[in-house]
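Here is a short briefing to read alongside the structure. It goes topic by topic, so feel free to keep the view open as you read.

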Amino acid sequence: MSSIKNDSRPYATAKYLRISPYKIRTVLALIRGKSVDEAEAILTYCNKGGSEEVKKVLLSAAANAEHNKGMDRGDLLVAEAFANGGPHLKRMQPVSKGRGHAILKRTSHVTVILDAKKV
C-alpha cells in the first residue's frame, strides 16, 4: 500500500461507512485489477453488502481522473482498492442477571486508486 499523499494517481475515499471492513474487502477483491467499466458492471450485478458504496467510490475516482487529471475513462483500471477500519460504535446488549455484553458496530474507510493502462 503506497502513501496516497505522495501519489499522483487519481483516487477517491469514502469514510465512516456503516459496514464492516471484512465485508467490504470481499467486494474490493472482485474489482481489483479490472478496468473501470468492467468493475462498474461487476458491482452493478453483485448482490453483496457494500457493493453500492464501493461503486460510488469507484465512479467518484473515475470522475476525479477525468476532471482533475484529464485522463480518458476507457484507459483507466483499478490499481489499488482497500478498506481500513474506522471507529467502532459501541453498544450494549442486555443479558441475564443485570449484565451487558458489548457490541461493536464497525465502520470502514474505503479507498480506490486508479491508474492508466500500460500499453
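In this predicted model, V78 stands opposite L114 of strand β5. The two strands β2 (76-85) and β5 (108-116) pair in the antiparallel sense, over 9 bridges. From here we can look at the rest of the sheet, then at the helices, the core and two individual residues.

**The sheet**
- The sheet is open and has 3 strands, in the order β1-β5-β2 with antiparallel pairing.
- Its edges are β1 and β2; each has a single partner strand, so one side of each is left without a neighbour in the sheet.
- From one strand to the next, the twist averages 15 degrees.

**Helices on the sheet**
- Helix α1 packs on the sheet and touches β2 and β5, and its direction makes about 170 degrees with that of β2.
- Helix α3 also packs on the sheet, where it touches β1, β2 and β5; its direction makes about 150 degrees with that of β1.

**The buried side of α2**
- Helix α2 covers residues 36-45, and V36, A39 and L43 are buried in it.
- These residues lie on the same side of α2, because they cover an arc of only 65 degrees around the axis.
- As general background, an α-helix has 3.6 residues a turn, so residues three or four places apart point the same way.
- The partners against which the buried residues of α2 pack are α1 (21-31), α3 (51-69), β2 and β5.

**The nonpolar core**
- There are 24 residues in the largest nonpolar core, and L28 and L114 have the most contacts inside it.
- Elements giving two or more residues to this core are β1 (11-17), α1, α2, α3, β2 and β5.
- The most comes from α3, which gives 6 residues.
- Beyond residues up to four places away in sequence, L28 touches V54, A81, F82, A83 and V110.

**T107, in a loop**
- T107 sits in the loop between β4 (100-105) and β5.
- Is T107 buried or exposed? T107 counts as buried, because its relative accessibility is 5%, and the cut-off for buried is under 20%.
- Its side chain reaches the backbone oxygen of P87 at 2.5 Å.
- Leaving aside neighbours within four places in sequence, the contacts of T107 include Y16, R18, P21, N84 and P87.

**H67, on α3**
- H67 belongs to helix α3 and is exposed, with a relative accessible area of 69%.
- The side chains of H67 and N68 make a polar contact (2.9 Å).
- C-alpha to C-alpha, H67 and V112 are 16 Å apart in space, and they are 45 residues apart in sequence.

Technical notes. Residues numbered from 1 in each chain as written. Predicted model: local features only at pLDDT ≥ 70, side-chain atom pairs only at ≥ 80, totals over all residues. Heavy atoms only, no water. Buried < 20%, exposed > 50% of the residue type's maximum accessible area, 1.4 Å probe, protein only. Helix = DSSP H or I, 4+ residues; strand = E, 2+ residues; numbered from the N terminus. Arc of directions from axis to C-beta. Contact = heavy atoms within 4.5 Å. Core = buried A, V, L, I, M, F, W, Y, C linked by side-chain atoms within 4.5 Å. Polar contact = N/O pair within 3.5 Å; in protein donor to acceptor, adjacent residues only side chain to side chain. Pairing = 2+ DSSP bridges. Axes fitted to C-alpha atoms, helices over the stretch in contact; angles between N-to-C directions.
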